[in-house]
Amino acid sequence: MQKFDILRISGLRVYAHHGIFKKEIHDGQEFIVDIAIYLKTALAVKNDDLAKTVDYASLVDLVTKIATNKRRSLIETVAENIAKAILDKYPIIEHTRVTLH
């Protein structure tokens, strides 16, 4: 089994209009996003090279955009869209875990 490093972004706050109830859709609410990405960082660490890992600012921008861009009924759908976007944009990431609450 391959071992990966785990990098986390916890407590990212976004405001969006997800949900099924009128109040959720109309007023919106704050959501908190936690992300764990699984990747190998040895080469980046060895060379102290950002190009060999994931730029966290770019990752946060991507997650914020996906979480706030389009209204969804289910937060499960939002979490899945975030995970897919992360894996599509960053091939260095082997897998990711997204929690939306």
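Is histidine 18 buried or exposed? Select histidine 18 and keep that question in mind while we look around.

**Stop 1: the whole chain**

What you have open is a predicted model. Colour it by confidence to begin. The protein chain averages a pLDDT of 95, and 98% of the residues score at least 70. Confidence is lowest in helix α2 (residues 42-47), with a mean of 90, and highest in helix α4 (residues 75-89), at 98.

Now switch to a cartoon view. You should be able to find four helices and three strands. Walking from the N terminus, the elements come in the order β-α-β-α-α-α-β. Rotate the chain: its C-alpha atoms fill a box of roughly 50 × 25 × 20 Å along the principal axes. Of the 101 residues, 32% count as buried. Among contacts between residues at least 6 apart in sequence, 62% join residues at least 24 apart.

**Stop 2: histidine 18**

Back to the opening question. Histidine 18 has a relative accessible area of 2%, so it is buried. Look for histidine 18 in the loop between β1 (5-16) and α1 (22-27).

What surrounds this side chain? Show the residues that histidine 18 touches, leaving out those up to four places away in sequence: Glu24, Gln29, Phe31, Ala67, Lys70, Arg71, Arg72 and Val78. Then zoom in on alanine 67, whose backbone oxygen lies 2.6 Å from a polar atom of the histidine 18 side chain.

**Stop 3: valine 14**

Step back along the chain to valine 14, in strand β1. Valine 14 has a relative accessible area of 5%, so this residue is buried too. Now select threonine 64 as well. How far apart are valine 14 and threonine 64 in space? They are 50 residues apart in sequence, but their C-alpha atoms are 6.5 Å apart. Beyond the residues up to four places away in sequence, valine 14 touches Gln29, Glu30, Phe31, Val33, Thr64, Ala67 and Thr68.

**Stop 4: the nonpolar core**

Next, select Val33, Ile37, Leu59, Val63, Ile82 and Ile86. Of the 24 residues in the largest nonpolar core, these touch the most other members. At least two residues of this core come from each of β1, β2 (29-39), α3 (56-69), α4 and β3 (95-100). Which element supplies the largest share? That is α4, with six residues.

Take a closer look at valine 33. Setting aside neighbours within four places in sequence, valine 33 is in contact with Ile9, Ser10, Gly11, Leu12, Val14, Val63, Ile82, Val98, Thr99 and Leu100.

**Stop 5: helix α3**

Select α3 and check its ends first. A side-chain oxygen of aspartate 55 reaches to within 3.0 Å of the backbone nitrogen of alanine 57, at the start of the helix. The 14 residues of α3 reach 19 Å from first C-alpha to last, close to the 20 Å expected at 1.5 Å a residue.

Colour the buried residues of α3: Leu59, Leu62, Val63 and Ala67. Turn the view until you look down the axis of α3; these buried residues fall within an arc of 125 degrees, so they line one face of the helix. Here is some background: an α-helix has 3.6 residues a turn, so residues three or four places apart point the same way.

What covers that buried side? The cover includes β1, β2 and α4. On the face of α3 turned away from it, you will find the exposed residues Asp61, Lys65 and Asn69.

**Stop 6: helix α4**

Move on to α4. Its 15 residues should span 21 Å at 1.5 Å a residue, and the end C-alpha atoms are indeed 21 Å apart. Its buried residues are Val78, Ala79, Ile82, Ala83, Ala85 and Ile86. Looking down the axis of α4, you can see them fall within an arc of 165 degrees, so they line one face of the helix. They pack against β2, α3 and β3. Flip to the other side of α4, where Glu76, Glu80 and Asp88 are exposed.

**Last stop: aspartate 48**

Finish in the loop between α2 and α3, where aspartate 48 is found. Is aspartate 48 buried or exposed? Its relative accessibility is 72%, so it counts as exposed. Check its backbone angles too: aspartate 48 has a positive phi of about 50 degrees although it is not a glycine.

Note on methods
Residues numbered from 1 in each chain as written. Predicted model: local features only at pLDDT ≥ 70, side-chain atom pairs only at ≥ 80, totals over all residues. Heavy atoms only, no water. pLDDT = per-residue confidence, 0-100. Buried < 20%, exposed > 50% of the residue type's maximum accessible area, 1.4 Å probe, protein only. Polar contact = N/O pair within 3.5 Å; in protein donor to acceptor, adjacent residues only side chain to side chain. Contact = heavy atoms within 4.5 Å. Core = buried A, V, L, I, M, F, W, Y, C linked by side-chain atoms within 4.5 Å. Expected span 1.5 Å × (residues − 1). Arc of directions from axis to C-beta.
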